[in-house]
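Morning, everyone. Please have a look at the structure on the screen, and I'll walk you through it.

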Amino acid sequence: MTEQIEEKVKEALKMVKDPETNMDIVSEGFVEGFTIIENSIKIFVGFERSSPTCSFCRALSWTIIDKISEEILKVVKPLGFDKVQIVEELNPKILYKEG
């Protein structure tokens with residue numbers, strides 16, 4: 001059962017596209033992994049490495065990060081999770097979205 005859910009999560013995440021490249025976020029390497037505990041899932045993403053350092057560019061990248069995070073919630077939540085958290089892989093205290 002767990003393997004089936006994990007596979008469904010992976011397939012769902014492949015449906016989320018980076019609006020800049022139109023590539024799926026799994027192929028692009030943004031998704032580092034996920035942890036499922038009962039009806040909750042924590043998805044570890046690596047946006048920090050691809051975020052620019054200039055302040056103006058960083059503000060634009062947050063818009064893209066927010067859009068991607070929202071799309072992750074839309075495709076993963078219907079798989080039966082009561083709680084979905086999208087966190088930064090390098091610093092899991094950074095919570096991008098929760099639903």
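Start with helix α1. This is a predicted model, and in it α1 has 12 residues. From its first C-alpha to its last, α1 reaches 16 Å. That is close to the 16 Å expected at 1.5 Å a residue.

Which residues of α1 are buried? They are V9, A12 and L13. Look down the axis of α1, and these buried residues fall within an arc of 95°, so they line one face of the helix. Now turn to the face pointing away from that buried side. There you find the exposed residues E3 and Q4.

Next, the whole chain. How many helices and strands does it have? The count is two helices and four strands. Reading from the N terminus, the order is α-β-β-α-β-β. The chain has 99 residues, and 32% of them are buried. Its accessible surface comes to about 6100 Å². Carbon and sulfur atoms account for 53% of that surface.

Now contacts along the sequence. Take the contacts with a separation of 6 or more. Residues 24 or more positions apart make up 51% of them.

On to the inside. In soluble globular proteins, nonpolar side chains tend to be buried together. Here, the largest nonpolar core has 21 residues. Which of them have the most contacts inside this core? They are L13, I25, I43, I72 and V76. Four elements each supply at least two residues of the core: α1, β2, α2 and β3. In numbers, α1 covers 2-13, β2 covers 40-45, α2 covers 55-76 and β3 covers 83-88. Helix α2 gives the most to this core, with six residues.

Let's zoom in on I43. What does I43 touch, leaving aside its neighbours within four places in sequence? Its contacts include L13, I72 and V76. V31, G33 and F34 are also among them. So are V84, Q85, I86 and V87. You met L13 a minute ago, as one of the buried residues of α1.

Now the charged side chains. Side chains of opposite charge can pair when their charged atoms come close. The count here is five salt bridges.

First up, K14 and E11. Their side chains meet in a salt bridge, at 3.5 Å from N to O. K14 is partly exposed, at 38% relative accessibility. E11 is partly exposed too, at 39%.

Next, K74 and E71. The closest N and O atoms of this salt bridge are 3.5 Å apart. Both residues lie in helix α2, three residues apart, about one turn of the helix. An α-helix has 3.6 residues a turn, so residues three or four places apart point the same way. Is K74 buried or exposed? K74 is exposed, with a relative accessible area of 51%. E71 is partly exposed, at 25% relative accessibility.

Then K83 and E98. Their side chains meet in a salt bridge at 3.6 Å, N to O. K83 sits in strand β3 and E98 in strand β4, so the pair ties together parts that are 15 residues apart in sequence. K83 has a relative accessible area of 37%, which makes it partly exposed. E98 is partly exposed as well, at 41%.

One more group to point out. D66, E70 and K97 are linked in a network of salt bridges.

That's the tour. Thanks for listening.

Note on methods. Residues are numbered from 1 along each chain as its sequence is written. This is a predicted model: local features need pLDDT of at least 70, side-chain atom pairs count only at pLDDT 80 or more; totals for chains, interfaces and linings use all residues. Side-chain values use heavy atoms; hydrogens and water are left out. A nonpolar core is a set of buried Ala, Val, Leu, Ile, Met, Phe, Trp, Tyr and Cys residues joined through side-chain atoms within 4.5 Å. Buried means under 20% relative accessible area, exposed over 50%, partly exposed in between (1.4 Å probe, protein chains only). Contact means heavy atoms within 4.5 Å. Accessible areas come from the Shrake-Rupley method with a 1.4 Å probe; for residues, only the protein chains shown count as cover. A salt bridge is a side-chain nitrogen of Lys or Arg within 4 Å of a carboxyl oxygen of Asp or Glu. The expected span of a helix is 1.5 Å times one less than its number of residues. The arc is that of the directions from the helix axis to the C-beta atoms.
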